[in-house]
Amino acid sequence: MTISLLELDHVTKRFGRVIIAEDLSFSVGSGDTVGIVGPNGAGKTSLFGLISGDLAPGAGEVRFAGRAITRLDASARCRLGIGRTYQVPRPFADMTVFENVLVAAQQGGGLRRKASYAAAATALERTGIADEANQPAARLGLLQRKRLEVARAVATRPTLLLLDEVAGGLTDPEVAVLVEIVRGINAEGITVIWIEHVVRALTSLVSRMLCLYGGQFVGDGDPASVLANPRVREVYLGGDISTSAVTETLDREDTTP
């Protein structure tokens, strides 16, 4: 039986009339790979905020590894094992790649001395940018900045990794590289929840997909069944089209300037 690592229990969050979560309940098991899709403005990133501690719910409870964490801030949750990335990587440009990851290990993960250096080195190896360790972060291209963003989250030694559109703007080969990086991270026992508009990235990795709309999940299941769900098609693309066309259209939209 899969043990629940993360649980949201009747969580509600609103910004005025904008509904982020409306009596939302769901759980994610240890070691799972979960993808989250939904139209722009559906509140996907805000949902990550509720999980990571960047946002406080108006009602309901968030539990992690069996512990209520609703009142804990983002720093405390990170040290418990919740790591996350952000849509737009913002590394410390004047610091080296290694220094960026070391700061994450020390300040985010609460690691010290040898443990922080070991965590930073391991994160760079996991994400394939160890060769760039001594380069200033400002010199990195988009793929490398995305890898660095993942490396910084991994350096906190999470048991739950929240990925927020880390494949956006990448070419097909670069997306494939990133998927393999995430696959390797999950293979080491880290649970992954991934928000992404590049649907082919999700369908090649996740075993479960959720579609968020109006503060509720209107689709929940394996990727094929969720993408074939008429309600998901309606709110996500506004039409009744084939599952393959859904994937092709969403991927094309993601790469359109």
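1. The side chain of Arg152 comes to 3.5 Å from the backbone oxygen of Arg90. The side chains of Arg152 and Glu149 share a polar contact of 3.0 Å. Such a contact is a pair of N or O atoms within 3.5 Å; within protein, one must be able to donate a hydrogen and the other to accept it, and residues adjacent in sequence count only if both atoms are side-chain atoms.

2. This is a predicted model: local features need pLDDT of at least 70, side-chain atom pairs count only at pLDDT 80 or more, and totals for chains, interfaces and linings use all residues. Numbering starts from 1 along each chain as its sequence is written, and side-chain values use heavy atoms, without hydrogens and water.

3. Arg152 sits in helix H5, residues 142-154 (helices are DSSP runs of H or I, at least four residues, numbered from the N terminus). Arg152 is buried, at 15% relative accessible area (buried: under 20%; exposed: over 50%; 1.4 Å probe, protein chains only). Beyond residues up to four places away in sequence, Arg152 touches Arg90, Pro91, Phe92, Asn100, Val101 and Ala104 (contact: heavy atoms within 4.5 Å).

4. Helix H4 covers residues 113-127. Ser116, Ala119, Ala120, Ala123, Leu124 and Thr127 are its buried residues. Seen down the H4 axis, they fall within an arc of 130 degrees, so they line one face of the helix (the arc is taken over directions from the helix axis to the C-beta atoms). The face turned away from that buried side carries exposed Lys114 and Glu125.

5. What do the buried residues of H4 pack against? They pack against helix H3 (97-108), H5 and helix H6 (172-187). After H4 comes Gly128, with a positive phi near 75 degrees.

Methods. Helices (H or I, at least four residues) and strands (E, at least two) are DSSP runs, numbered from the N terminus. The expected span of a helix is 1.5 Å times one less than its number of residues.
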